[in-house]
Amino acid sequence: MSHGKILRAGVLVAFALCGSASGYEIETHAVITSKAYDASVLNPADPKSIVSTLGFDRLNQDYPFAYAGGTTGTSYRDEAAVANPADFSPVYGSNYDRLPQIQERNVLEDLIDRGFIAGPSAVAAEQRVRSWLIRGAVREDDNDGFVPIPGVGWSTLDQRDPDPFGPTPRATRHFYDPVHDRAYFYPDTCAQYTCVRSVVWAVGRTDPLHPASDADDTSRRNHFTWQDARNNLWWALTLKRDTTADGKFDYSDAIYDGIERMLRHATAVKSIGHVMHLLEDTAQPQHVRNDAHAPPNVVVISDPSEGEADSAFEAYTNYRLLRDYSRATEINLRLGNPLRRMVNDELPTPNNLPQLRFGDGNVYPGGGARVQFSTPGKFFSTNAVESGSDLASLRSRRGLSDISNRSFFTSGTLPGFRECQSPGSPTCVPTANITYPLPLSNLTDPSYVKMDLSTTLGLRVGNRIVYTTVYTQQITDPLAANYDAGVLAPFAGRAPLLTQGIWHDLIPGSLASYHAELDATLTYDNMRFKADVMIPRAVGYSAGLINHFFRGRLEVTPIDQDMIAVLNQGDLHTVDSEGFPRQFANPTRVFGFEKVRLRVRNVSEDIVESGTGTVVAQSTGGAGSRLVAIAKYHRNLCYAQDLSGERVRNYAGAITEPSCSSAFRSPIQEISVSAPLAIAAGELDTATPVEKLFDFSSDPIPVNATDLFITIAYRGKLGDEIDGIALGTYDVSEPTFVGFWNNTDYFWNGTNYLGQNATYPQRNAFTFYVCAGVPSKWLFRYGGAVGSVALGIPPTPGHLRLALIVGRPDNTVQRFPVRGVPIMQTSPHASVRSSGTRGQYRQASKELIAPSVLASPYDNCFVNPPPTNVDTWCFDPIQKRRGLLSGDVAQPIYWSTSGAGDGPDVDSVPLPAFASAAIRDGGEIKFNDAGALQNCPSQPALRPEDDALIESQEQELLLGKEPLR
């Protein structure tokens, strides 16, 4: 139902009032939208919820899009129309910030007061995800730009902000007649205000009912369309700018971008709310039957075209929702009250008022199903595929406007009524033909069942019988034929379409040229059941529309080796005053991970079209399709190149906290975005996931990233839609440090660590390989160049520290094996060793946590999870061995002279601490090479049985069957 719209005397009047009359009938839209949210994937309780994929579950639930958890000031963007953006940032200067208004707050207050929405107040609830949907549904009824009412003036009491692109009378864009595929159609009005089919106004594309010819509408005047929702979601995921244009991303850039990404999320959700409003409008038959409607103006109260029920349906429906008798019966000095004009029917008091039906507990179409169509346009109408004009074809159409149009009469389209070239004019010239084939205008047709009402209570006004017969008919619904059986039980399962009475003897004969059959009218009872049939469908279709928007899903998993990214942490770098690690040779660039490997698969569920069962695969790829990886994170502000800013655990288990003066964690979420990958048709639509190497070299993931999640975002063809988005998110470990050093000043003889001797002397590791996973693959190579060695000898041993991003373990015992393969300068070679890591956690339970939480971090959160009902900060410590800060893996390279395998931990003896270490920079990250990973190199002359034994031990590590050292 769209509100406050009337075509009379060639003037379009639009209004919305504040205070006791705020948001005239927008409350009905708000509750439909809220119910649809409950039944959609935006609801965290939905089994297929998109909330965790979007990261909304980590946001403040009352203020999800407010910067750093603030409670006020969250705005949204009003963006000039753009085409499908190929880059990740909208053009500067093409948009405006707009703020929530008192109009939406008043609506929310009404709904909270009446228990439709939970919350203590509208102020506390108005920033929630649900409320941003509602805000869009409310604000779609903005109607700036109409000519004031002559002699009355223009009502501006709704406290809305004006459209920054100029006055926009949205009301003339809220109609769609699916039988004639037309917008609101009155030439004089449309010449003045412009009329657009509501489905085009909603979707923001040129031809949403015909996907083959559909394209971006870059001239669209509506900036809160389906297309704008999609664009803003894309920007919310990927937007990153150098706002200071200094060639260096810094904290001021991070703040600006973080705020804007949240703002873009709000704009995306609000835009979906606008589209839902327009779809919900099609559940109001006047919006699909070219029937202008609004409260009668007191100045034109004698206008002969003002039917008594002309605008009463929306007013009565809102009264049933709010149950406020004083509001329903009040006299407005500017505009007439439609319910006060229903003189042939007595307005029920709240005690006798039937509850409004939404389909709660059995969301339309019922049985746990959801409305599904292959394109957003089909939710409005399927007239493009059921295109015949015969009655059978009209009855087979499945869009919401199709069901609404063929199922009900409206005040202005009762049998015998005609459209006029100039509605409201005393010289109205009716069209020659009846406008709509259904419902049948021949009330003698046998499909109608008449029920005699002449003796029923409540059918008299002033002791005069005014109603005699109600005409009922079966609702034709291909989606759910029997959905209304219960509510329509008083009419044997049929809907009461209109009522026949003696109204004709109260109307002057001069109106006969306009009304052919003046004894047909709509009563409150007719309007009641019209709403009770159509509003549950509005809820179900709107929920389906939300689900369709977020239907694109990607499965994101690690590769077999569970390695996501590799970095030599020992490479020279600095940390600036804002906590950004900087490349030593180029301080404008972040020091971090430049390549990410993940496996991706399209797991978007097939659409089973409602009403036909036609299966439409949600295939991806083709011209213009692209795939990007987005790393989302905070930063450890205590991080230092020497790892002195980490929490450290010694062999005995004691943890030493860092002495840095900063709070551990940067307050705002930041992102790094990979270069896009072109996706061929069908490339991701496979039974097994496809490995992808994402290039972050232009925007590295910082080595000190905390709270690290990687979202993979696809944009391109999705099923029958030319432009869709599919998402998948994987919660990876935070950078996990692994350390290797030359420990050949001691060797293990199977019983003890012994000092070096002539047989087992200290010896340089000329080349050193690091491998990982099962089967073990080559991650890194160091040394081998003339005049250099990989790991020099103690007392200042060569020390290699890598940072790895690994997958999350599947259970509390699983560990991912990391193998060190030393090639000594001369043989024999020190032992090949494997150690396990679960990956390190540096992650909070929420995006915003208090400083007191940061000051009391939890340890080993995967094995010993902290409470879920409080804010938590997990910060796993690194290991310190022989005085060296190494990492979660601290792997010494030494001789093992017996078949007993590795010795105990070198600090369990303990062996003497080193005074210092030579941290190795450089090396070759084999993980970053294009193509498949190579097998782990073997030591020279390594026996096959030894290789097999190592692989067996690594398999045991993966299964958690070996002790962690």
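**Note on strand pairing, helix packing and cores**

1. Strands S37 (residues 878–881) and S38 (residues 884–887) run antiparallel and are joined by 3 bridges; helices (H or I, at least four residues) and strands (E, at least two) are DSSP runs, numbered from the N terminus. Gln-879 has Gly-887 of S38 as its bridge partner. The hairpin of S37 and S38 has 2 residues between the strands, and in it Arg-882 takes a positive phi near 50°.

2. On provenance, this is a predicted model, in which local features need pLDDT of at least 70 and side-chain atom pairs count only at pLDDT 80 or more, while totals for chains, interfaces and linings use all residues. Residues are numbered from 1 along each chain as its sequence is written, and side-chain values use heavy atoms, with hydrogens and water left out.

3. The hairpin strands belong to an open sheet of 4 strands, in the order S21-S20-S37-S38, with mixed pairing; two strands pair if DSSP finds at least two bridges between them. Its edge strands, each pairing on one side only, are S21 (655–656) and S38. Strand S20 (residues 648–649) pairs with S21 in the antiparallel sense over 2 bridges, and Arg-649 has Ile-655 of S21 as its bridge partner.

4. A further open sheet has 5 strands in the order S34-S33-S30-S31-S41, with antiparallel pairing. Here S34 and S41 (924–925) are the edge strands, each pairing on one side only. Strand S30 (residues 765–772) is joined to S33 by 7 bridges, and Ala-765 has Met-824 of S33 as its bridge partner. On S34 (residues 833–837), 5 bridges make the antiparallel connection to S33; Gly-820 is partnered there by Arg-833, and Arg-819 by Ser-834.

5. Strand S33 (residues 816–824) is mostly covered, with 9 of its 9 residues buried (buried means under 20% relative accessible area, exposed over 50%, partly exposed in between; 1.4 Å probe, protein chains only). In a regular strand the side chains alternate between the two faces of the sheet. Both faces of S33 are covered: one side carries Phe-816, Val-818, Gly-820, Pro-822 and Met-824, the other Pro-817, Arg-819, Val-821 and Ile-823.

6. Helix H5 (residues 129–139) has 11 of its 11 residues buried and is therefore largely enclosed by the rest of the structure. The buried residues of H5 include Arg-130, Arg-135 and Arg-139, as well as Trp-132.

7. The largest nonpolar core (buried Ala, Val, Leu, Ile, Met, Phe, Trp, Tyr and Cys residues joined through side-chain atoms within 4.5 Å) has 121 residues, of which Phe-65, Leu-339, Tyr-541 and Phe-550 touch the most other members. Helix H15 (residues 524–549) supplies the largest share of this core, 14 residues. Another core lies apart from it, with 36 residues, among them Ala-565, Phe-593, Ile-701 and Val-703.

8. Not counting residues up to four places away in sequence, Tyr-541 touches residues including Leu-279, Tyr-364, Phe-373, Arg-398 and Leu-479; contact means heavy atoms within 4.5 Å.

9. Helices H9 (residues 251–281) and H15 pack at an angle of about 145°, with axes 10 Å apart; axes are lines fitted to C-alpha atoms, for helices over the stretch in contact, and angles run from 0 to 180 degrees between N-to-C directions. From H9, Ile-272, Val-275, Met-276, Leu-279 and Glu-280 meet Ala-538, Tyr-541, Ser-542, Leu-545, Ile-546 and Phe-549 of H15.
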